[in-house]
Amino acid sequence: MKSENVSISHLKTKVGRQVTLCGWLYNSRSSGKVQFLVIRDGTGLCQCIAEKGNISEQLFEQLKHLGQESSLKITGIVREEPRSPGGYELAVTGAEIVHQTNDYPITPKSHGIDFLLKHRHLHLRSQRQWCIGKIRHTVIDAIRRFFNDNGFTLIDTPIFTTIAGEDVGSLFEVDYFGEPIHLTQTGQLYLESAAMSFGKVYCFGPTFRAEKSKTRRHLAEFWMVEPEVAFIDLDGLLELAENFVSFIVEQVLANHHSELETLGADIESLEKIKPPFYRLTYTEAVEILTSDKAKDFMAAQLGEMQEQKQQSETRIAALENEQNQQGLKQWKKDKIAAELIELRSELLEIETKIENNPKHTKLAAEFQWGRDLGGSDETIISQMHDKPVFITHYPKAAKAFYMKTDPANNKVVENFDMLAPAGFGEIIGGSMREDSYETLLAKIKEQNLSPENYDWYLDLRKYGSVPHGGFGLGVERTVAWLTGEKHIRQCIAFPRMMDKVYI
Ligand code: 4AD
């Protein structure tokens, strides 16, 4: 029978036909006369059943000893099979081994995160990293589509810059033909210039921050998309941001149901992400943080976490018991070992949260108006909401020089952060920009920045200045929120952090 090369994602159109899959051995087990080989080809997973009698004795033996991640071309008849990972399986009729692999370092029994980060070049092949990578691709596609379809022009802003847009403490210095300059922290200031030419613009690229903190929300290199719009107001910006984020969520839900399921993401909650999002001023957020409502919420959370801890400990004890039983099959041992690693890391996380709960409750209760919201404050507010929350009008002193002072209250600026729900925290930061030459110059001086460096930026306020504003959305934080991934380092193929630059 003839055979054509197909990808796993196209198997549904080939039922009953003989096809060849080109891929790698993801997993296998054998039970006497039958071998179950799970193949991945970059488009999905497919279980291939090799039965003695249907293939040569020699090939049957070869397949039996094929190590994880060996590459091969495998031929067989496509059958519908709901229990197979993608819903179809292959009844094997032949195979060609392309590269036999032994001792692949990442075994199905799972490893700690440090080991996996050191093997990222190989770990990218794991099902989890594959699902995240596919979702990230769709997030980026949705970002471009949203702005391209809504009248925005893409402007590529420079990576080498001489001026700071955000906190000067997080600048990466580089030697530019003997002159110390830095890598971009934001394309915003350049975009403001472009917005005065094109009206609605966006930039999208890598962004660099020398973040010394090793939190789950910070990378040294991340991807940020920034729209900027002339003749807009704060309400218009919030509307743009909620439509934008809702579109991204809609696209991910429409294209990645099975990946989200594999990752254990909260699909039901994502389905609720539709405009309007919640809107709070900073002052209202502070009122919530210092209220009994927040205290009670944190106490209830503590109770829930203690219960989870107990359940986790019971399950770990049961698995440890099972692990010590005699005569356990290797695949079962691997399965238990993998679950134990997962459970122990979850337990550690719950214990840390339990330990932090009183500290964070106290920080929130004693929050003083004027401080910037910290990570734990954002987490509390976002945990108390089931849809994203905008927090607007932060104290002027806590924010960047370019943010427009609120004409109705000169203690605050017309800015906003968007917090993703369920404790995830900030994914967007944005603001209206100061459009008065005199006020902007005064703010640059107040923040000890050199006005000479901002000459061109100040020019924009001299020639046809208009109300304008924009925001920045971090891709990795967005992907982490959508996939339920706890650490954003899992949401970019090759993460850059203070202690990680190799690979
Ligand atoms: O709030 P940020 O610092 O805003 C700006 O850079 C503005 N100039 C954007 C603008 O108005 N055009 O950063 C925006 C977003 C954050 O909400 C977060 O999602 C992401 O960028 N981000 C980071 N992501 C990963 N690692 C880091 N170190 C990040 N810093 C910011």
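Strand β18, residues 425-432, gives the shell around the ligand its largest share, five residues. Keep in mind that this is a predicted model. Two other strands, β12 at 221-230 and β19 at 468-474, also supply at least two residues each to that shell.

In total, 24 residues sit around the ligand. Those that come nearest are E166, Q188, E226, E426 and I427. What is the make-up of the shell by class? It divides into eight nonpolar, eight polar and eight charged residues.

Now for individual contacts. Q188 has a side-chain N or O atom 2.7 Å from a nitrogen atom of the ligand. With R209, the partner is an oxygen atom of the ligand, and a polar side-chain atom of R209 lies 2.8 Å from it. For E211, an N or O atom of the side chain is 3.2 Å from a ligand nitrogen. How much of the ligand does the protein cover? On its own the ligand has 630 Å² of accessible area, and the protein covers 94% of that.

Next, empty space. Rolling a probe the size of a water molecule over the atoms shows where such space is left.

I will take the second largest pocket. Its volume is about 490 Å³. The lining has 20 residues, and T43, G44, G86, W130 and S258 lie nearest the centre of the pocket. Three elements give two or more residues to this lining: β4 (45-51), α4 (127-149) and α7 (257-263). Which of them gives the largest share? That is α4, with four residues. By class, the lining of this pocket has eight nonpolar, nine polar and three charged residues. Both domain 1 (4-99) and domain 2 (121-290 + 367-491) contribute, with at least three residues from each.

Last, the cavities. The count is four, taking those of 30 Å³ or more. The largest cavity holds about 60 Å³ of space. Which residues line it? Among them are T161, I163, A164, G165 and L171, and further along the chain H182, L183, T184, Q185, T186, L189 and Y190. Strand β10 (179-183) and helix α5 (188-198) each supply at least two residues of this lining. Six of the lining residues are nonpolar, six are polar, and none is charged.

To recap the three sites by charge: the ligand shell has eight charged residues, the lining of the second largest pocket has three, and the lining of the largest cavity has none.

Key
Residues numbered from 1 in each chain as written. Predicted model: local features only at pLDDT ≥ 70, side-chain atom pairs only at ≥ 80, totals over all residues. Heavy atoms only, no water. 1 Å grid on protein atoms, 1.4 Å probe; cavity = no way out; pocket = protein on both sides within 12 Å on 5 of 7 lines; lining within 4 Å. Points joined across faces, edges and corners; volume = space filled by probe spheres on them. Nonpolar A, V, L, I, M, F, W, Y, C, P; charged D, E, K, R; others polar. Domains from an automatic or database assignment. Near = heavy atom within 4 Å. Polar contact = N/O pair within 3.5 Å; in protein donor to acceptor, adjacent residues only side chain to side chain. Areas by Shrake-Rupley, 256 points an atom, 1.4 Å probe, with all protein chains shown as cover.
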